[in-house]
Amino acid sequence: KISFTEYQRYDTIQEYLSELAANYPDIVSVEEIGTSYEGRGISMIKIGAGSSDNPIILVDGGIHAREWISPAFVTYLIQELVENEDNRNMIESTNWLIIPVLNPDGYEYTHTSARLWRKTRSPGLLCTGVDGNRNFDFHWMETGASALQCSDTFAGSAPFSESETSALRDVVLAYGDQIKLYLTFHSYGNYLLYPWGYTSELPEDADVLDALAVDVEAAIASVAGTRYTIGSSTNVLYAAAGGSDDWVKGIGGVALSYTIELPGGGIWGFDLPAARILPVSLETFEGVKIYQRYVADNF
Ligand code: 0X9
Ligand code: ZN
């Protein structure tokens, strides 16, 4: 059991995953895909109630430490998939790999020391941390990323310098082309973003990416009227290379790759009141249903 009336700490989320693995051994397993700089386990929950050959949907949250609604929603998604019988079809027709907190050190640091921390916690000579979403090895450092250690968008000393980003890379490489959809949850601003983030040029299948996002957006909006902006990262937000979405599509070969910027709140945008976790999760889950149906029907 886990509650969505407060933002939960890393340990609580970890315990919840263990509890699910113990209570639902037929459909759930939990794996450590890596270790953060400070030694925390990076957990991935595998969920599936159908064939092991089913198409896979890969989901992560918490690349950026301060974007608390991201791990909160991703944990809610896990709960709905595992514990809500009504969603059984969503795990019978696709398999899920879900990493609720990809940057656990940063996430804990935002709870204990600095609410607005964004990066990992690996030390540098002058400053701490790398922006995980500038650290992927695809057009790395070409645009919208900083070579300065103290910048919030520091791309790292090299691509995949961080154990956290390497852990995600290794999952994608291990499961290969069985992964059909990648969703990475961030906040804030209500965007459904698809590649590319490194160029204003569109991928050749942009029409497919866009059409699916239009359906997802409509499903989210149908719940309480929340509207999202749809487009390529560069064209509707800003150019920024080295993001997980671009790498997963460009190198990982997962055609359907999206960054979802969940709604913001509070003074800085990142501190959406805890009372909003459930309403946001409810509407966002309706969007994820559309994604799941698309994958189940098309692969
Ligand atoms: O800048 C980012 O990493 C994301 N926005 S955030 O406010 N959550 O930091 C957007 C990433 C979009 N994707 C790429 N630029 N590849
Ligand atoms: Zn982010």
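**Exercise 1. Find the bridge partner of Y194 in strand β7, then trace how the chain crosses from β6 to β7.**

Solution. Start with the residue: Y194 has S232 as its bridge partner in β7. Next, widen the view to the strands, β6 (residues 191-194) and β7 (residues 229-232), which pair in the parallel sense over four bridges. The chain passes from β6 through helix α6 (residues 206-224) to β7, making a right-handed β-α-β crossover. Right-handed here means that, with the strands pointing away from the viewer, the path from the first strand over the helix to the second runs clockwise.

A few ground rules help with all the exercises. This is a predicted model, in which local features need pLDDT of at least 70 and side-chain atom pairs count only at pLDDT 80 or more, while totals for chains, interfaces and linings use all residues. Residues are numbered from 1 along each chain as its sequence is written, and chains are lettered from A and ligands numbered from 1 in the order in which they are written. Helices (H or I, at least four residues) and strands (E, at least two) are DSSP runs, numbered from the N terminus. Two strands pair if DSSP finds at least two bridges between them.

**Exercise 2. Look at the other neighbour, β8, and at the two faces of β6.**

Solution. First, β6 and β8 run antiparallel and are joined by three bridges. Y191 stands opposite E261 in β8. Now turn to the faces: Y191 and L193 lie on one side of β6, L192 and Y194 on the other, and all are buried. Buried means that 20 or more other C-beta atoms lie within 10 Å of a residue's own; with 12 or fewer the residue is exposed, and in between it is partly exposed (C-beta atoms are placed from the backbone). In a regular strand, side chains alternate between the two faces of the sheet.

**Exercise 3. Write down the strand order of the open sheet and name its edges.**

Solution. The sheet has eight strands in the order β1-β2-β4-β3-β5-β8-β6-β7, with mixed pairing. Its edge strands are β1 (28-35) and β7, each pairing on one side only. Neighbouring strands are turned by 20° against each other on average, direction ignored; axes are lines fitted to C-alpha atoms, for helices over the stretch in contact, and angles run from 0 to 180 degrees between N-to-C directions. At the β1 edge, seven bridges join β1 to the antiparallel β2, and E31 has M44 as its partner in β2.

**Exercise 4. Why is strand β4 largely enclosed?**

Solution. Count the residues: five of the five in β4 (residues 95-99) are buried, so the strand is largely enclosed by the rest of the structure. N95, L97 and I99 cover one side, W96 and I98 the other. Then check the neighbours. β2 pairs with β4 in the antiparallel sense over three bridges, with I47 bridging to W96. β3 (residues 56-61) pairs with β4 in the parallel sense over five bridges, with L58 bridging to L97.

**Exercise 5. Is T184 buried or exposed, and what does T184 touch?**

Solution. T184 sits in strand β5 (residues 179-187). With 27 other C-beta atoms within 10 Å, T184 is buried. Leaving aside neighbours within four places in sequence, T184 is in contact (C-beta atoms, placed from the backbone, within 7 Å) with D60, I63, S244, D245 and T259.

**Exercise 6. Find the unusual backbone in the loop between β5 and β6.**

Solution. Keep in mind that most residues other than glycine have a negative phi, and most peptide bonds are trans. In this loop lies Y188, joined to S187 by a cis peptide bond with omega of about 15°. N190 lies in the loop between β5 and β6 too, and has a positive phi near 60°. N190 is partly exposed, with 16 other C-beta atoms within 10 Å.

**Exercise 7. Which residues come nearest to ligand 1?**

Solution. Of the 14 residues around ligand 1, the nearest are N133, H186, G197, A240 and G243; a residue is near if its C-beta atom, placed from the backbone, lies within 6 Å. Both α8 (244-250) and β8 (256-262) supply at least two residues of this shell.

Conventions
Two residues are in contact if their C-beta atoms, placed from the backbone, lie within 7 Å.
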